[in-house]
Amino acid sequence: MKKKIIAAVCAVLLAAVLLFATHLLVMPKYIENPEGRLVGEYYSQAGDNDVLFLGDCEVYESFVPAVLWEKYGISSYVRGSSQQLIWQSYYLLEEMMEKETPKAVVFNVYAMKYGEPQNEAYNRMTLDGMKWSSSKVGAINASMTEDESLVDYVFPILRFHSRISQLTADDFKYFLGAPEVSDSGYLMQTAVRPMTTTRTGDDLFDYNLPSVSFEYLDKMRELCEKKGAELILIKAPTNHWKFWWYDEWDKQISDYADESGLDYINFIPLCEEIGIDWSQDTYDEGMHLNVSGAEKLTDYFGKMLSEKYAVPDRRGESELSSAWQTRVDKYYERKNTEK
Amino acid sequence: MKKILALCIALLLIFAVVGCGDETPKGDDVLKLNFYVMYKGEQVKVGVEAKDIIPKLGEYKSEDGEACGTNEKDVIYTLSGIEIETHVSGESEIIRQIKIIDDSQTTVEGITIGSTRDEVIAAYGKVYTEGSSGAIRYEGDASAIEFHFGSSGNVSNIYIKRR
C-alpha cells in the first residue's frame, strides 16, 4: 500500500515537472524582439529606487538610469514596455509601490491615446513578465481583448501549446531564461539612422483623449499621493508621423496637469535646448532616440530631477553605490560591445 | 379582417414615407459598401494586398515606420494626388488607408480637395457622423470615408480607411 502511494505521488510529481518543463519550453523567449523581456527584469533590481519611469517605448529608449546615477547619484528604474497601455502602467506602479518608496514617478503620456486594449501580442509583452499578484490579475483583466481569457495567462501552455511544433534552437538555449537585455530597464540602441522625413501625423476624426485614460491617470496620481511621490507627466522628445503627438492632445494633458497640480514636461519643443541632433541621435529615422540621444535627454532631465524635484544624490551610500557601479560598468561594457 | 388590412396598409405607408426621407444615403449604394478611388484605371481599395495593386499605379515614393517590439511596420506610398498607407505583417501587406492629397484626384462621387461641405453632403447624403475635429464620416461595410475641412471651411483632406 505504501509503495503504491509513493508511486502515485511520484507519478503526479513527474507529470507536474514535465508540464512545467513544457511550459518553459513553449513560452516565447523574445530573442528577436527583446522588448518582451523588459518587464520581468525589474525584480532583480526592485527596491531602493528614488525615481520610477513608466510608459511605452518612449521611456525605455529615452532614459538611462546608469547615466542618472553616474552624473547625479539618482537611483532609478525604467519599467517600460512596448505599447504599454495606461492601465498596465497603473498596475505596474501599484506592484512597484509595494517594494519602493520613490521620490518621483515619471509617466510618459503618449499611450493616453489608447482607450481600449489593442492586441494580445503587446499585452503579452507587458503582462507575462509580471510576477503573480493582485496587480497582475488587475492588469490582465483590464488589458484582455475579446479573444483572450484569464486562464490562458494563468496557464500559458494552453495558449502557446501550438508552438511545440515550431520550436527553435533558442527555445532550448534559453529554456531557463534569456540573459538580461536592459540596463535598469533602458534598452540600448546604438545604430544611427538620421531623421529625414518632414511628414506630420494624419488628421484625426476625434482629438479627445479617451476618458478611461484620465481615470487611470487619476488612479496613478492618487497612488503617488498616498506614497508621497511626485507624479511627473512627460512627453518624450520624439515626434514622428507614425507616433505623432497632436497639439490638441498636448492641451488636454496640460489642462489636466494644471487642474491636478502636476508638472507636465513636453520635451518636443525642448529638443534644441537638450542638444538633440536628429541626424545623429536616432536609430530609426526619428521614431526613437538612440543611445547618444538618450544620454543627452537623461542628462538634461537628471539636472531637473536633482535641482527642481530634490531627488537625492546617494553616491555617498557605500552599499548602493557599489551595486550601481556594477550596473554602470555593465552599461558601458554593453555600449562598447554594441558599437 | 378589414381592420387588419387597413392596419397593414397604414404600416406599409409609414415604411414607404420613412424610406423616401432625406436620411437615405444618396449615390451608388454598392460604392458605399467599400469606398475606393479610381487611379489610372484601377480601383484602389482598402483591405486588399498591396502587391496586387501598387505596381500597377506607376511611380511612387515610399517611407516606412516600424512598430516597437514586433517585426510589423506601416508604409506610406506617395503617388501623384494620393497616398496609400499599408500595414506589413509577415508576408502580408494590406492597404489600410487611402488619402487624397490634392485636387488632381477625386472620389468616385466627384469630391476633391477644395470641395465645399454642401457639395460633400449633396454627393454622399445626410447620414454621417461628425467628429470633434468637425470632419464628417460615412461608414461602409468594409471601409469608411472621412472628409476633413480646413480653416476656409472647404475639404482639406479625404481619407478612405479600413474598418
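**A hairpin and sheet in chain B, and a helix pair in chain A**

In this predicted model, strand 3 and strand 4 of chain B form a hairpin. Six residues lie between the two strands. In the turn, Gly69(B) has a positive phi of about 75°. Strand 3 covers residues 61-66 and strand 4 covers residues 73-78. The two run antiparallel and are joined by six bridges. Within this pairing, Gly65(B) has Asp74(B) of strand 4 as its bridge partner.

The hairpin belongs to an open sheet of eight strands in chain B. The strand order is 3-4-5-6-10-9-8-7, with antiparallel pairing. Strand 3 and strand 7 (129-130) are the edge strands, each pairing on one side only. Strands of a sheet pair through backbone hydrogen bonds, either parallel or antiparallel. Strand 6 (residues 92-100) and strand 10 (residues 155-162) of chain B run antiparallel. Four bridges join them. Here Ile98(B) stands opposite Ile160(B) of strand 10.

In chain A, helix 3 (residues 65-72) packs against helix 14 (residues 318-338). Their axes come within 9 Å and cross at roughly 120°. Angles over 115 and up to 145 degrees count as oblique, and the two helices of chain A are therefore oblique to each other. Helix 3 passes helix 14 in a left-handed crossing. From helix 3, Ala66(A), Trp69(A) and Glu70(A) take part in the contact. They meet Trp324(A), Arg327(A), Val328(A) and Tyr331(A) of helix 14. The contact residues divide into five nonpolar, no polar and two charged.

Terms used: Residues numbered from 1 in each chain as written. Chains lettered and ligands numbered in written order. Predicted model: local features only at pLDDT ≥ 70, side-chain atom pairs only at ≥ 80, totals over all residues. Axes fitted to C-alpha atoms, helices over the stretch in contact; angles between N-to-C directions. Parallel < 35°, antiparallel > 145°, perpendicular 65-115°, else oblique. Left-handed = near helix turned anticlockwise from the far one by under 90°. Contact = placed C-beta atoms within 7 Å. Nonpolar A, V, L, I, M, F, W, Y, C, P; charged D, E, K, R; others polar. Pairing = 2+ DSSP bridges.
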